[in-house]
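Colleague: I would like a close look at one part of this model, a helix and the way in which it packs against its partners. Please begin with the overall dimensions, and then take the contacts in order.

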Amino acid sequence: VLDARGLLVMPGLINAHTHSNQSVQRGAAPNLPLELWIGCVLYGDGPMAADDVYTAAAFQALELLRTGCTAALDHAFLDVGDLPAQAEALMQAYVDVGMRAAVAPVVQDLDYLTTVATGYAIETDAPEPMTSPRDAPTILAALDVFLTTWSGKHELLTPMVGPAAPQRCSDELLAGLADLVRRHGSAMHTHLLESKPQVLATQSRFGRSVVAHLDELGLLGAHASFAHCNWLDEAEYRTLARTGSVVVHNPITGIRCGSGLLPLQDLLDGGPAIALGADGSGASDGQNMFEALKLASLLHTLYGDHRRWPQPERIWRIALSGGAAALRRPLGAIRAGAAADLVLLRADRHAVEDKDYLVRSLVVSETGDSVETVVVGGEIVLRERGSTRVDEAAIRAAAHELMGRRCRQHLARRDVYSAVEPFLASVVDEAAATDLGFSRRAEIELARAADPTGGVTA
Ligand SMILES: [Zn+2]
């Protein structure tokens, strides 16, 4: 029994796409297109040691709880060669903090720099591989053990499979992942058509729509969730809706990396279930789901008839129901049979007289600062904004040390990134010059001065 006088009670928010290892990489990247961002932030960035995996995840889980989020889908960058120890460290962080998590280790058996440029006529020399991916049989064997170990092991934890992106996996690996999903009854989570350059690269690789390819492999369905999905065409969205697949909208990354936004207005009319994600802090610089809610409810006023603008109440509902669908748990609701994942926040910031008014206010005006108490699975894990379970100061200190170490490594890699930057820029330029017949980016025209050279006068 909790004394909730003066407090609101809401279902815990759900972050349906994040990478916990990036919690210590906030602010690492300049504003760059996705292809260059990946090069800048991830090139030469080896896997973390298991105790760093723990620190980054615990630090992030505390940040999520403090801002009203009780469950996350962690598409985690782990060392596949050391998966048992790495997964143990990651899972222990969630259990210690008391947060619910679905964990999908990122896997790929093809190098990023080869797959990013498939089908492009790049004149720059191909750079050295960015990663040293493991082969498909090694990855599949490691994931088989991972799923066997963690399925049903802890009430708070759900293991999943997480290909990095379809184009970064061989067909052997994709088919093997589909087989694992069937055998273990598990779910799959991956990135899908986040940016325009990926449309050309996947069409060249698969000779058809990547969504049709995944459908044929049996990788679509209620067990599948796809991060971003900005550059799908109408037929591809219909295929995701028909198969019951879930789309995870990450509004912050869409503008941080200039990839654009999915056409949410269209998708709300009979489209696939939509969840909401903060994405990794390397691309979003924080894990506040109230920020994601606010941006998702505001950015889609930039196009279309105002009568079709999604309203904040609608964004709230889809974020909760879509998040539950992505994590495949009874989350996002306060009712008998749902998980007891509850957030209590001070009411003084919001008018409580009308439910719609209150929900709108939570979406566009709450920052997470009002969160007082958080309950996960019926247990109080945050009281008066403090963890009831872990030494927060110690985790913060370890995270700060790790942040500094990663920052120094990042600075030391600057020359490596500079060498590869022209290659990645060529991919972005070639894609930008290609007409797909639709766009997912806002094109704001600068007014031209009378100057016949077309320059803009200061
Ligand atoms: Zn991501």
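What radius of gyration does the protein have, and what would a compact globule with 458 residues have? After that, please go to helix α2: at what angle does α2 pack with α3, and at roughly what angle do the axes of α2 and α16 cross?

Modeller: Everything here concerns a predicted model, and I will keep to what was computed from it. The protein has a radius of gyration of 22 Å, whereas a compact globule with 458 residues would be expected near 23 Å, so the two values agree. Taken along the principal axes, the C-alpha atoms fill a box of roughly 65 × 60 × 45 Å, and 57% of the 458 residues count as buried. The chain forms 17 helices and 14 strands. Contacts that span long stretches of sequence are well represented: of those between residues at least 6 apart, 79% join residues at least 24 apart.

Turning to your helix, two packed helices are described by the angle between their axes and the distance between the axes. Helix α2, residues 50-66, packs with helix α3, residues 83-97, at an angle of about 30°, and their axes are 8 Å apart. Angles under 35 degrees count as roughly parallel, and α2 and α3 are therefore roughly parallel to each other. Their crossing is right-handed. On the α2 side, this contact is made by Ala50, Val53, Tyr54, Ala57, Ala58, Ala61, Leu62 and Leu65, while α3 contributes Ala85, Gln86, Ala89, Leu90, Gln92, Ala93, Tyr94, Asp96 and Val97. Sorted by class, the contact of α2 with α3 comprises 14 nonpolar, two polar and one charged residues.

The second partner is helix α16, residues 392-412, whose axis comes within 9 Å of that of α2, with a crossing at roughly 120°. That angle belongs neither to the 65 to 115 degrees of the roughly perpendicular class nor to the range over 145 of the roughly antiparallel one, and α2 and α16 are therefore oblique to each other. Here α2 passes α16 in a left-handed crossing, whereas the crossing of α2 and α3 is right-handed. The residues of α2 that make the contact with α16 are Asp52, Thr55, Ala56, Ala58, Phe59, Leu62 and Arg66, and those of α16 are Glu392, Ile395, Arg396, Ala398, Ala399, Leu402, Met403 and Arg405. This contact of α2 with α16 divides into nine nonpolar, one polar and five charged residues. Reading the two lists together, Ala58 and Leu62 of α2 appear in the contact with α3 and again in the contact with α16.

For comparison, another helix pair may be set beside these two. Helix α5, residues 136-150, and helix α6, residues 171-184, pack at an angle of about 15°, with their axes 10 Å apart, and that makes α5 roughly parallel to α6. The crossing in which α5 passes α6 is right-handed. From α5, the residues Ala136, Pro137, Ile139, Leu140, Leu143, Asp144, Leu147 and Thr148 meet Glu172, Leu173, Gly176, Leu177, Leu180, Arg183 and His184 of α6. By class, the contact of α5 with α6 has nine nonpolar, three polar and three charged residues. Pro137, which lies in α5, counts as partly exposed at 46% relative accessibility, and its C-alpha atom is 8.4 Å from that of Gly176, although 39 residues separate the two in sequence.

Two backbone positions deserve a check alongside the helices. Most residues other than glycine have a negative phi. Leu193, however, has a positive phi of about 40° although it is not a glycine; Leu193 lies in the loop between β7 and α7 and counts as buried at 3% relative accessibility. His228, likewise a residue other than glycine, has a positive phi near 80°; His228 is found in strand β8 and is buried, at 2% relative accessibility.

Terms used. Residues numbered from 1 in each chain as written. Predicted model: local features only at pLDDT ≥ 70, side-chain atom pairs only at ≥ 80, totals over all residues. Heavy atoms only, no water. Axes fitted to C-alpha atoms, helices over the stretch in contact; angles between N-to-C directions. Helix = DSSP H or I, 4+ residues; strand = E, 2+ residues; numbered from the N terminus. Left-handed = near helix turned anticlockwise from the far one by under 90°. Contact = heavy atoms within 4.5 Å. Nonpolar A, V, L, I, M, F, W, Y, C, P; charged D, E, K, R; others polar. Rg over C-alpha atoms; globule rule 2.2 N^0.38 Å. Buried < 20%, exposed > 50% of the residue type's maximum accessible area, 1.4 Å probe, protein only.
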